[in-house]
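These are my notebook entries on the structure shown below. I looked up how the chains meet, how one helix is packed, and which charged side chains pair.

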There are 2 protein chains.
Amino acid sequence: MGAPAARPPGDSGDPVTVAFDALGAEAETDAVSEGIRMAAADDIAIRVFGPAATFAGLASDQVEIVDTVEMIGNDEEPVRAVRSRPETSIVRAAADVAAGRSDALASPGSTGATMTAALFALKRIRSVQRPALAVEIPAPGRERPLLMLDVGANADARASHLVQFAYLGSAFAAAVLGLPDPRVGLLSVGTEEKKGSALVVEAHEALRGSTGIRFAGNVEGRDLIDPEVEVVVTDGFTGNVVLKTIEGTARAVGDAVRRAARSGPIAATGGLLLRPALGGLRADMDPDATGGAILLGLRGVAVVGHGSSGPLGIANQIRLAARSVREGAVERTEELIERSGVGRSAIRGAKGSES
Amino acid sequence: MGAPAARPPGDSGDPVTVAFDALGAEAETDAVSEGIRMAAADDIAIRVFGPAATFAGLASDQVEIVDTVEMIGNDEEPVRAVRSRPETSIVRAAADVAAGRSDALASPGSTGATMTAALFALKRIRSVQRPALAVEIPAPGRERPLLMLDVGANADARASHLVQFAYLGSAFAAAVLGLPDPRVGLLSVGTEEKKGSALVVEAHEALRGSTGIRFAGNVEGRDLIDPEVEVVVTDGFTGNVVLKTIEGTARAVGDAVRRAARSGPIAATGGLLLRPALGGLRADMDPDATGGAILLGLRGVAVVGHGSSGPLGIANQIRLAARSVREGAVERTEELIERSGVGRSAIRGAKGSES
């Protein structure tokens, strides 16, 4: 059904160009600039949408400043703001990708505005019903990445959406995360196929009959940290709550360890001696390590960065956008969905939930 | 509408009697026996449903063994098993409470079988649509308990159920957890009232108009660890996933700290010196500290213990059952629901979601 997959930009050895919404970052200008420079040093061309007065010093062969002073805030209703404010940094950056001047979008700004601008400008892949926001779940000592989706693009989902998320996640994990033929789990309250909400039971049945992906059954909340799968599928409400719960719990336990190490001179000495060995744990749990989430199911690459990113987080969200372009994430997603006919089968499998 | 609240058993100074399903425990007999003895030492009478041959040594003025050899396993379908197997430990223990020989039920066995047996034997409070499973969420350094419900009684919920859960949780927190007039949060993906699934947005609106409880708006996943509320309401699917996610994340971070402390001689010395100060963290995150969850909305007390409980967990689930009886948890729940008319208003508020 889909058009033949185009050759991914960057495939020829030309640098990939990322449109970066610099106004969305919460970090200080210096930190944002440092992150942009780090990414540019990796042979990524960057078009920075932010005030020329602020970012002029960054301009180089690799980095171009597109003077932009308006932005959409976290408190604005995304659809209305994106529709009515074409001069804002996120809308202009997304339009830059749609016009072919940039190959991918990255923004640490309002998640809702970034998703909306990306959806409007880049459009859905044919037969994808809903795009989904995917993110690598942080975990201490994890050897293989775990991709969870949807973590917030759709607060309500149908079973057919969850089935499609399994394909979107599989294609991205294979293309960009180095996980060929990843196992896909469905988040539920028990491993048995009949466990879960009506939505999840229906999705389980449809996924069991699906081809072209490797469905491994249900996974539980406790399995997210040390899972037998590489991709976990859930609705955007549950995924968002779970992601924030993991971040909050890990931070709280880390804080408790730090408090313990300040509780007296003996503990403080212990903390100092243990500190270097804990470096890996800190790195594993650092949201800046991945840079952010990616909106899958679109005809272009859009990375939704952490608003609170430091320089490494800024650099990594631009790198993730560039890598997704280089590895042909969109084209491979289109191929997988076309090959397995999931656009049709997912809709068939979920007819019971159409309202 | 409800009958006048009866005087809680145990109020007169007589010991409360707890029917305990000893066959449900995964722990060794010695550990189960030790837990029962610990609880009995707190002036709780216990009727132990388990093999006389195994538990005879426990018999005392406080502890009676009710010889029972059959049990319902985790792999059995709860409703069918409870209906068809009246001689099993959980069904006999629940019947013991219904018959008035015991004042409360506690079981570390199959969660599904325990909830089903309790619901069938103890019945719902008049005008409560669905019972909900409530549990104290573990968190490091938490000063006030946080009660979350539902964590698994209902995989699918309507807005009117969530509204009732707010009342069930408020009454229990006030009666048993020492939290008079607790603030109630609704778990969502953002604090704004329009954020969340259709279910949550509808529940938010109904809760805003509710009386007799203190609704504090939405809370997010990250707020569960250090919340501005004492009660968090969610559907049983999300609650179950979130609870297991917190347990899994905390365990993984704790394991990573232990691994770091084994990574070399300097780190090991640090770990030894820090170890005593970390005792509080271990205790805070120990599921045995609370003993388990409680099924709210019934006309009697039913505690659903952790299957993996050690002696402290066994003792604490029996203590939680006894305390709930002494503090009149059921009677206070009936009073609150009666006074605020939530049986009626919740149904009105949720008319849009009736199918």
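**Entry 1: the rotation axis.** I looked up which residue of chain A comes closest to the rotation axis and found A:Gly270, with its C-alpha at 1.7 Å. I note that the model is predicted. I then checked the superposition: a turn of 180° with a shift of 0.0 Å along the axis lays chain A on chain B with an RMSD of 0.0 Å. The two copies are therefore related as by a two-fold rotation axis. I also compared the two sides of the contact: 100% of the interface residues of chain A are interface residues in chain B as well, so the copies meet through the same surface.

**Entry 2: the contact between the chains.** I recorded 47 residues from chain A and 47 residues from chain B in the contact. The area buried between chain A and chain B is about 3,900 Å², and carbon and sulfur atoms give 75% of it. I asked which three residues supply more than any other three of the area that chain A buries against chain B. They are A:Phe237, A:Lys244 and A:Leu274, which supply 16%.

For polar pairing, I recorded six residue pairs in polar contact between chain A and chain B, both residues being at pLDDT 80 or more. On the side of chain A that touches chain B, the elements giving two or more residues are α7 (198-208), α8 (236-260) and α9 (265-274). The largest share, 19 residues, comes from α8(A). By class, I noted 26 nonpolar, 15 polar and six charged residues on this side of chain A.

**Entry 3: a salt bridge across the interface.** The count of salt bridges between chain A and chain B is two. I followed the one between A:Lys244 and B:Glu220, whose closest N and O atoms are 2.3 Å apart. A:Lys244 lies in helix α8 of chain A, while B:Glu220 lies in the loop between β8 (214-219) and β9 (231-233) of chain B, so the pair joins two chains. I then asked whether A:Lys244 is buried or exposed. A:Lys244 is buried, because its relative accessible area of 11% is under the 20% limit. B:Glu220 also counts as buried, at 11% relative accessibility.

**Entry 4: helix α4.** I turned to helix α4 (residues 89-98) of chain A and found it mostly covered, with seven of its ten residues buried. Among the buried residues are A:Ile90, A:Val91, A:Ala94 and A:Asp96. I looked up what covers the buried residues of α4(A), and the covering elements include β1 (17-21), β2 (45-50), α3 (78-84), β4 (104-107) and α5 (111-122) of chain A. A:Gly100 follows α4(A) and has a positive phi, near 85°.

**Entry 5: charged pairs at α4.** In chain A, the side chains of A:Arg101 and A:Asp96 meet in a salt bridge at 2.8 Å, N to O. A:Asp96 counts as buried at 2% relative accessibility, whereas A:Arg101 is exposed at 51%.

In chain B, I found a salt bridge between the side chains of B:Arg47 and B:Asp96, at 2.6 Å, N to O. This pair links distant parts of the chain, with B:Arg47 in strand β2 and B:Asp96 in helix α4, 49 residues apart. Both B:Arg47 and B:Asp96 are buried. Back in chain A, salt bridges that share partners join A:Arg47, A:Glu64, A:Asp96 and A:Arg101 into one network. I recorded 28 salt bridges over all chains of the structure.

Definitions and conventions
Residues are numbered from 1 along each chain as its sequence is written. Chains are lettered from A and ligands numbered from 1 in the order in which they are written. This is a predicted model: local features need pLDDT of at least 70, side-chain atom pairs count only at pLDDT 80 or more; totals for chains, interfaces and linings use all residues. Side-chain values use heavy atoms; hydrogens and water are left out. Contact means heavy atoms within 4.5 Å. Buried area is the accessible area (1.4 Å probe) that two parts lose on being put together, summed over both. A salt bridge is a side-chain nitrogen of Lys or Arg within 4 Å of a carboxyl oxygen of Asp or Glu. A polar contact is a pair of N or O atoms within 3.5 Å; within protein, one must be able to donate a hydrogen and the other to accept it, and residues adjacent in sequence count only if both atoms are side-chain atoms. Helices (H or I, at least four residues) and strands (E, at least two) are DSSP runs, numbered from the N terminus. Ala, Val, Leu, Ile, Met, Phe, Trp, Tyr, Cys and Pro count as nonpolar, Asp, Glu, Lys and Arg as charged, and the others, Gly among them, as polar. Copies are superposed by least squares on the C-alpha atoms of residues with pLDDT of at least 70 in both. Buried means under 20% relative accessible area, exposed over 50%, partly exposed in between (1.4 Å probe, protein chains only).
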